[in-house]
Amino acid sequence: MLQMLIGTHLPFMKFRRVTYVFSGGLILATAVWLVVHGGPRYGVDFTGGTLLQIRTSRVLAADQVRQALDAGGFRGVELQQMTGENKDEFLLRMKGEAGRDPFAGIQGALQSRFAGVTVERRRTETVGPRIGSELRQKAIWAVLGSLAGILLYVGIRYEFKFALGAVVALFHDVFITLGMLCFTGREVSLTVLAALLTIAGYSINDTIVVFDRIRERSRALRKETHSGVMDIAVNETLSRTVITSLTVFLTALALFMWGGEVLHDFSFAMLVGVGFGTYSSVYVASALALDIWIAIDRRKGVKAE
């Protein structure tokens, strides 16, 4: 399979306007979701409160568990039942409960409602509201700072047309990954933030490899059209891109399937980010660089494409 990727002549740039519509639609959908819902769904790390994971001695229906908690005085608790082989486990998120351990009360509420059922604590995470707010602010600055640093690096190393395409692709990958997390009802936690920053680093690395080849080919193939140079460069790096991306994707897939609930959101973000990071290196970063390149040459009166 990998040998087939050597010597390919695929017309990638021919379809770039179709991918503009695709990417634009995803970005718009994410923006609308964030506006309608007032931002992403933050985890306990960023809001403050208590995250409690429990296991019951037999599988219980989520609606019955919620009724038992309401009757026990735990109204407003966010309840999530695990899937697959862990249907006997529940995640409970309680905001503003950082000052006390709610396990004893929850255990009593469930055991009084379901005779013969025992409740086991699996894990507890507690964050104060002030610390959560500070973490959220620092997380935002961490993401913005990393994007600014990457913009500065690419701007110094490459021409404007390349730098702008790379930064837009970087924003594209992180924002769409955030959107996929929102669409699937997942929380933004510290582990998810780590995934977003990892995606940013992976995306720019893949883009830089493609840009280096584009720069080399643009100097060697001066009589070739701009889109022809782009297609040649992308095809020449295609084997490396697919092998690298597939390796990272399979690793993230293994974490997603067997890494447990703690790594589930992290690995999901990595799967989405690696996929879109590979796609954006060609159809966002390189495609935008091509259109800017053509526009600059047309302003100079040079025949483009």
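## A sheet, two helices and one phenylalanine

Let's start with helix α4 (residues 103-113), which lies across β1, β3 and β4 and runs at about 145 degrees to β4. Keep in mind that this is a predicted model.

Which residues of α4 are buried? They are Phe 103, Ile 106, Ala 109 and Leu 110. Looking down the axis of α4, you'd see these buried residues fall within an arc of 130 degrees, so they line one face of the helix. Flip to the other side of α4 and you find Ala 104 and Ser 112 exposed. As for what covers the buried residues, β1, α3, β3 and β4 are among the elements doing it.

Now for the sheet under α4. It is an open one, built from 4 strands in the order β2-β3-β1-β4, with antiparallel pairing. β2 (78-81) and β4 (119-127) sit at the edges with a single partner strand each, so one side of each has no neighbour in the sheet. On average, and ignoring direction, neighbouring strands of this sheet are turned by 15 degrees against each other. Zooming in on one pair, strand β1 (residues 49-56) and β4 run antiparallel and are joined by 8 bridges. Arg 55 has Glu 120 of β4 standing opposite.

Then there's helix α3 (residues 62-71), which lies across β2 and β3 (89-94). Here are the angles side by side:

| Pair | Angle |
|---|---|
| α3 and β2 | about 150 degrees |
| α4 and β4 | about 145 degrees |
| α3 and α4 | about 115 degrees |

How do the two helices meet? The axes of α3 and α4 are 9 Å apart, and the crossing is right-handed. On the α3 side, the contact uses Gln 64, Val 65, Gln 67, Ala 68 and Leu 69, while α4 brings in Ile 106, Ala 109, Leu 110 and Arg 113. Sorted by type, the residues of this contact come out as 6 nonpolar, 2 polar and 1 charged. Ile 106, Ala 109 and Leu 110 turn up here and are also among the buried residues of α4.

One last stop is Phe 256, found in helix α8 (residues 226-258). Is Phe 256 buried, exposed or partly exposed? It is partly exposed, with a relative accessible area of 23%. Setting aside neighbours within four places in sequence, Phe 256 is in contact with Arg 186, His 264, Ser 267, Phe 268 and Leu 271. The C-alpha atoms of Phe 256 and Ser 23 are separated by 25 Å, and these two residues are 233 residues apart along the chain.

Note on methods. Residues are numbered from 1 along each chain as its sequence is written. This is a predicted model: local features need pLDDT of at least 70, side-chain atom pairs count only at pLDDT 80 or more; totals for chains, interfaces and linings use all residues. Side-chain values use heavy atoms; hydrogens and water are left out. Two strands pair if DSSP finds at least two bridges between them. Axes are lines fitted to C-alpha atoms, for helices over the stretch in contact, and angles run from 0 to 180 degrees between N-to-C directions. Contact means heavy atoms within 4.5 Å. Buried means under 20% relative accessible area, exposed over 50%, partly exposed in between (1.4 Å probe, protein chains only). The arc is that of the directions from the helix axis to the C-beta atoms. A crossing is left-handed if the near helix is turned anticlockwise from the far one by less than a right angle, and right-handed if clockwise. Ala, Val, Leu, Ile, Met, Phe, Trp, Tyr, Cys and Pro count as nonpolar, Asp, Glu, Lys and Arg as charged, and the others, Gly among them, as polar.
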